[in-house]
Amino acid sequence: MRDATSDAGSQDWRAEIAERLTSLRLAPAEEADLADELSQHLEDRFRELRIRGMSDMEARRVVLEELDGEGSLASKLRDVVRRRGTAPAALGTVARGSLLGQLRQDARYAMRTMQRSPGFTAVVVLTLALGIGAATTIFSVVNGVLLTPLPYRDPQQLVVFYGTSPEKQLPEVSFPAGLFVAVREKSRAFTNMAAFEQPGFTMTGTGDPVRVDAATVSLDFFRVFGMAPLMGRTFVAGEDRPDNTSVSVISYGLWQRTFGGDPKILGRVIKLNGNPSTIVGVMPREFAMPNRTDVWLPMSLDPAVFNCWCLDMVGRMKPGITPDQATRDLIATVDAFALSRRDVFPESKPDDHAKIIVMPLVKRIAGDIRTPLLVLIVAVGVVLLIACANIANLLLARASVRNREMAVRCCLGASPRRIATQLLTESAMLAGTGAALGLAFAAVALRLLRRLPEGQIPRIDHVRVDPIVILFAVGVTVACALLFGLAPALRAARVDLQTNLKDGARGSSSGGARRVSNAFVVVQFALSLVLLAGSGLLLKSFQRLLSLDPGFRADNVLVARLQTPYPRYDSAQMVRSFYDRVLERVAAIPGVRAVGLTQRAPFTRGNPQENVIAEGKEPKPGEPVVVSNVRNITPGFFDAMGTPILKGRSFRASDGPEAPRVAIVDERFARHYWPNGEALGKRIGPQGDTSAARWRTIVGIVPNVRHASLGEDPSLQIYEPFAQQTTWTNYVIVRSTREPRSLVSAIRAQVAAVDPEIPLYEVRTMEEAVSRSLLTRRLTNGLLTAFATAAFLLAALGIYGVISIGVAGRMREFGVRIALGAKPGNVLQLVLQEGVWLAGAGIAVGLLGAIWVVRFLRSLLFGVSAFDVPTFVAATVVLALVAIVACLIPARRATRVAPAVVLRE
Amino acid sequence: MVQAMLDRELKKGSAELLILSLVEHEPRHGYELSKLIDSRSNGAIRFHVASLYPLLYRLEKRGWIEGRWVEKAGQRRRRYYRLTGEGRRVLAAQRRNWRQFVEAIARITGVQHA
């Protein structure tokens, strides 16, 4: 007799249950659970019956009767057990249920696979996160700056246009009012066009005097953009009188900042340069033309004015007109007008054509940042490609290790398609995780970008993670998943069962996989070379720029701007007296070593120019006059700037308004007119001036100063004494013996002591101005260098991986070779050869690619040819060395093979 | 004969109500449930393996009860079932229906509720 409570009994009951469940074909885990639970019940019942006094046999009979008395257990369980949700995600079983269910199963399995190899997962996910994050960041900037439409009606019709005169070294020429009025009347390509100028104004009557960015605009200006004011109105006919400041429209920003969003702002009177002006309108927040204008004033257009080429122009092209057609129309219109007005265009000839550039407004606003952005987005795309190739190789390598797993699954009934789908799901989950991290990374990076000084990236407020950016990130992620997941998935789908079951465990990879891996390495090296060469060229350009002598010393120099308001200061005498007193007081501040005045300081916008001729070198009729930059300065200017006097002397206090007129020129000017002779003592004067007082005698020669940017090609420069040529708006240049910023409040106080209504503005140190002018370049270089470094490190990892796997698979072969007498050197050479061949092929392809690609960098280069041989050589050498080092590690492993060990394995 | 009829009819209509009521206040395993039904119905209603467990799994699949393996020292593991939130709502509704049904039958047949 068996003991009723013995374990043996329970085993029996399990068997009874299991037998009745076979027809259900349950997954093993589920069957075990069911058998456990049901057999326990039978055992409990059996025990109870025994306790009641039944014999073993009797009890057993009753239990089995009860079990089968209600009909077949299997049939009753059939529709409930199958989807109890406890079934493991058993791959290899024939797909049951919906596609979604299958996907969920795949995802669960992928999750487990990812958890099983955390190192691999982390490397892949982080690589992708950085790649997708960087791509998304740069794309959001491209999207915000270049792709987001301007907030105006039909923005694609909006253009700016200007003349250009390369022979006079003038890239942009504004129009005089007379020409603009004629063009506006005759041109047929535009719905309407408007002119504007951007003077600055000092606003008072609202607390401290403040400097506001103002624009005087022709009546049509707001109509061109098709944007109505938020409140009030814009200008109406009759208000376009000369110097009419009596009405003004203000920006949303100024309304909020200065007037606290006062709803009763209309009709309020402010003072602009001391003149009362009534606010008649407020523009919506998104209206930002030109730039960050705060106040708009009406402009009068006098058709008789041809001496001030100072109007900027914007127009709305008629629907269907392209910028090219608009250009041709404008050129024809200007040509016809010039020929009809020989009185103002004496040089015009019938076969001469005006040179006019029409540029879409959105492109104009994006400005200089367009090319760097495009270069960067391509670069980041290339890095992502390289990263994908690496991940694909990692997955291929892993796939060959997992060959056995795949083969087993195949044997269990999984279709090749099912296995490929599973692998693609794994790739998609890796990419998805990477993308999620990447988006977070992009959000942080964008926050940092917004901290850049204002004006570095135009329309930065449009740069954000919006639906288009998310769509881009999703697209990139899917593309990545396909790029790195497709090759391994397709290969896995062509599983060769026999071979894999036999030698899958050894981790060798088949010829097909190796060919794909090798191709990836070649592509990686090619792309890395392109990036390395490109970033090398940019870095070299930057080095050249930094090593340039700007013609002044930027350290310990403070620059600030002042304007004497007209008509409160209505004579040159009054203006000079104001500035003289300011300079005198500033010079007395402790810590000030030198102080000077100039109409335009280096690295500020604007460049006053004049047609200047030299006595005895007047151009023949029809010959173009070279334009020179003209700056008015006080005697202390060169000392304050740290610009040495090369020959002659600086200005003196004695070079006053009544004294003989004098000038200082730069080396370039001197060499242009007197290539072999002495410029000192020669006389120069403005073209067209025939008065006796026109000639200025050259008394000094200074080095070329880079005024607009370090990279500029300095144009001819003339300096005139401020006392003889007075301007109302000027920059004070202060050279100090201590930190220049510490002087600001003292200088402000001294200015206020002379005139409390004149603000000090645009305050900056010269070093800040220089470094700010380089910021975009520095940012581009930094990012591109980072991308290039990432690219070649990834390429190194890539070749290392491929060679390593190759070596691992050929261990037996090396063992045999060594056993047959091959020396370590021979084996080393064998492995290195393969790596060198791969890298060499990549580098060769890359060189061809780089030569084709660098042309797009040309506008970013400075002092370096796009085909700079040393840079290309350096890039090639760096990559080749990296390849050799990366291959040496597995190659040395191959030489240490112990034949006895490998051959026995 | 009576036993068989009662069994069939009751099981069809009210088996769910029985199970849900029994696990309302504490989790119970399958054998315990079958014992309780047997004893509380004075043997009038009996559930054996082939009727009880499919019913339990169906209720679990609907989310009305939840089974969990519990291991106690020195014993084999057992699966205990407890009422879920959803099950609690269903139980309340079924109780209401049952009461209305019984009252309606009583009004028609004159059989008094015990």
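Let me start with the largest nonpolar core, which has 171 residues. This is a predicted model, so please take the positions in that light. Which residues of that core touch the most other members? They are A:L128, A:V383, A:I386, A:L529, A:A791, A:I799 and A:L879. The element that gives the most to this core is helix α12 of chain A, residues 370-401, with 20 residues.

Take A:I386 as an example. If we set aside its neighbours within four places in sequence, A:I386 is in contact with A:Q524, A:L527 and A:S528, and also with A:A791, A:L794 and A:A795. There is a second, separate core as well, of 55 residues. Among its members are A:A601, A:V662, A:A679 and A:Y731. As background, nonpolar side chains in soluble globular proteins tend to be buried together.

Now chain A as a whole. Its 905 residues are 41% buried, and the chain has 27 helices and 23 strands. Of the contacts in chain A with a separation of 6 or more, 83% are between residues 24 or more positions apart.

Next, one helix pair. Two packed helices are described by the angle between their axes and the distance between the axes. For helix α5 of chain A, residues 99-116, and helix α14 of chain A, residues 416-450, the axes come within 9 Å and cross at roughly 65 degrees. The crossing of α5(A) past α14(A) is right-handed. On α5(A), the contact is made by A:L103, A:D106, A:A107, A:Y109, A:A110, A:M111, A:T113 and A:M114. On α14(A), the residues are A:T421, A:Q422, A:T425, A:E426 and A:M429. By class, that contact has seven nonpolar, four polar and two charged residues.

On to the contact between the chains. Chain B puts in 15 residues and chain A puts in 20 residues. Which elements of chain B each supply at least two residues of its side? They are α2 (30-40), α3 (49-61) and β3 (78-83). The largest share, eight residues, comes from α3(B). Sorted by class, the chain B side has six nonpolar, three polar and six charged residues.

Last, confidence. The predictor gives the complex an ipTM of 0.89 and a pTM of 0.64. Chain B has an average pLDDT of 83, and 86% of its residues score at least 70. For the remainder, the usual caution holds: where pLDDT is low, the predicted coordinates should not be read in detail.

Key:
Residues are numbered from 1 along each chain as its sequence is written. Chains are lettered from A and ligands numbered from 1 in the order in which they are written. This is a predicted model: local features need pLDDT of at least 70, side-chain atom pairs count only at pLDDT 80 or more; totals for chains, interfaces and linings use all residues. Two residues are in contact if their C-beta atoms, placed from the backbone, lie within 7 Å. Helices (H or I, at least four residues) and strands (E, at least two) are DSSP runs, numbered from the N terminus. Ala, Val, Leu, Ile, Met, Phe, Trp, Tyr, Cys and Pro count as nonpolar, Asp, Glu, Lys and Arg as charged, and the others, Gly among them, as polar. Axes are lines fitted to C-alpha atoms, for helices over the stretch in contact, and angles run from 0 to 180 degrees between N-to-C directions. A crossing is left-handed if the near helix is turned anticlockwise from the far one by less than a right angle, and right-handed if clockwise. A residue is buried if 20 or more other C-beta atoms lie within 10 Å of its own, exposed if 12 or fewer, and partly exposed in between; C-beta atoms are placed from the backbone. pLDDT is the predictor's confidence in each residue, from 0 to 100. A nonpolar core is a set of buried Ala, Val, Leu, Ile, Met, Phe, Trp, Tyr and Cys residues joined through C-beta atoms within 7 Å.
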